[in-house]
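Visitor: Could you take me through this structure with questions and answers, giving the reasoning behind each value?

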Amino acid sequence: MKLFTSDQIRAIEQTSIAEGCYSSLELMDRAASAFVSWFKTKVSTDCAVSVFCGNGNNGADGLVIGDKLVQYGYRVRIFVVDKSGGSREFAFHLNRLEKNLSFSIEKYQANKTFRFEPSEVIIDALLGSGLNRPAGPPYSDILELINSSKKRVYAVDIPSGLPGEGLSIGPTVRATATYSFEFPRLTFFSKEGRAVCGEWTFRTIGLSRKHIQGTPSGFHLITNRFVSEFFNPRQPYAHKGNFGHVHLFAGTTGMAGAGILSGRATLRSGAGLCSVTSSADNRVVFQTAAPEIMVNGTMEEMQAIDLVSKTVAIGPGLGTDPVSEQLLRHVLKTVDRPMVIDADAINLLSMHRELIDQVPDKSILTPHPGEFKRLVGDYSDSIQRMKKQVEFAREKNLIVVLKDHNTIITTPDNQVYYNATGNPGMATGGSGDVLTGVIAGLLAQWADPVKASLAGVYLHGLAGDLAMCQKGEMAMTAGDIIEMLPLSIMKLSNAS
């Protein structure tokens, strides 16, 4: 699905209103109803609720949310920063609710001592996504009050103080969870934004599909529906030759495990055949641990290896010694199709920069943040890092899969894709080797590097989520992710 900037989302909202989909007040009511339905699954009516509202449309959302929560039996108190001025919608709802004698709305007072009940929770409806400067008093004081309260905080649309895109430049609410309307905000996919938005989710509120489809965007969220369309049933008379042959260059002496994980993931992702070239010392290890993988030559015999019609993946456990360097040079000289390049092969590109221009067009690089920094140079924050990733993909005509808490994929045509599957349990040795195998296996079958990258990242994360359900985050291993690939593929196949 496409993601948009705050200005684009406001334009879509205004167009939806102008086209008569809903009035602004109806749209606000739909948004508040969606938030309350979600909130009820998080917080019981035994908890008191304090709603802090600004005087813009985010604050108007807070007023409507508070009203609806009272109707569901919650004990609610609402604090507004300023009862004068503000948006038309805020003034309308403030006037409506103040006429309700059973409903108390207080103006925030800086010198007031706030006392919260032990189980009380806070709803943050102070500032929306259009913030373009640091929050000053009294907003900054309220943000400090909320953060220092140590209470659970549920943010309406976005944590106050956090811009819709870019980085916070002032105080920001640290939310327990954030509920957004129609789209997640771009800032949720930055390391800095993720640190303050907590668990985030979003739901549609009925904005114009026509205008959403017609609004251009270079940002996308990979979804289950999108990926499931790639997984089609196999023909009854298909054979292994129809599903590609991956040739994996992986595993120097003592590092056979990386190659075994990649190879097993390749086959679990549906590739018909998998061969590996590794250190001579690893031959017996491979044939014992993974009999489905064919050992085809050694790193010392690289000249004799036939790569015709094979999909190449190189890097897991490869090492950066002279033998590995010569192997990479030979592969780049021999292969003219998109390949998957990971781990030490990326480090070798960083060490011998003339090799970068020899990488076949549309090849897939899968660095973690440290490898990426060695490849493109230093950066100050995740926004600058993303810009470097976009530039590198465009200038080198490559696909970059940057592995992180939300893996980001950039393509040569300036498109940015965010992945939402996966969990912290996948931060374990070998997880990246599994991803290399998954992408290579899909590339061998589909011959489409962008498609293989997007589906591979999503599938890898989905398998990790299923593994977490069985093993928990702390005890997960890379092998657990591989074992969940078949179930993940079945889920995606059944969804298509």
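Guide: The turns that follow concern a predicted model, and they take up its pockets, its cysteines, a loop residue and a helix.

Visitor: How much space lies in the largest pocket, and which residues are the closest to its centre?

Guide: The space in the largest pocket comes to about 950 Å³. Its lining is made up of 35 residues, and β8 (199–203), α15 (431–446) and α16 (449–471) each supply at least two of them. By class, that lining has 13 nonpolar, 16 polar and six charged residues. The volume asked for is thus about 950 Å³, and the residues closest to the centre are H405, A420, T421, G422 and N423.

Visitor: Which helix gives the most to the lining of the second largest pocket?

Guide: The second largest pocket, with about 680 Å³ of space, is lined by 29 residues, of which R10, E13, N57, N58 and D61 are the closest to its centre. This lining divides into eleven nonpolar, eleven polar and seven charged residues. At least two residues come from each of α1 (6–18), α2 (24–40) and α3 (57–71), and the helix that gives the most, with six residues, is α1.

Visitor: How many disulfides are there?

Guide: A disulfide is a covalent bond between the sulfur atoms of two cysteines. The criterion applied here asks for a pair of cysteine sulfur atoms within 2.5 Å, and by this rule the count is zero.

Visitor: Is C197 buried or exposed, and what of C274?

Guide: A residue counts as buried when its relative accessible area is under 20%. C197 has a relative accessibility of 0% and therefore falls in that class, and C274, at 1%, is likewise buried.

Visitor: Where is T187 placed, and is T187 buried or exposed?

Guide: T187 sits in the loop between β7 (177–181) and α6 (191–197). Beyond its neighbours within four places in sequence, T187 is in contact with I158, L162, P163, G164, E165, G166, G193 and R194. Because its relative accessible area is 2%, T187 is classed as buried.

Visitor: What span should helix α9 have, and how far apart are its end C-alpha atoms?

Guide: Helix α9 covers residues 256–268, which makes 13 residues, and at 1.5 Å a residue they should span 18 Å. The distance between the end C-alpha atoms agrees with that expectation, at 18 Å.

Visitor: Which residues of α9 are buried, and which residue with a positive phi follows α9?

Guide: The buried residues of α9 are A256, A258, G259, I260, L261, S262, G263, A265 and T266. After α9 comes a residue whose phi is positive, near 105°, and this residue is G270.

Technical notes
Residues numbered from 1 in each chain as written. Predicted model: local features only at pLDDT ≥ 70, side-chain atom pairs only at ≥ 80, totals over all residues. Heavy atoms only, no water. 1 Å grid on protein atoms, 1.4 Å probe; cavity = no way out; pocket = protein on both sides within 12 Å on 5 of 7 lines; lining within 4 Å. Points joined across faces, edges and corners; volume = space filled by probe spheres on them. Helix = DSSP H or I, 4+ residues; strand = E, 2+ residues; numbered from the N terminus. Nonpolar A, V, L, I, M, F, W, Y, C, P; charged D, E, K, R; others polar. Buried < 20%, exposed > 50% of the residue type's maximum accessible area, 1.4 Å probe, protein only. Contact = heavy atoms within 4.5 Å. Expected span 1.5 Å × (residues − 1).
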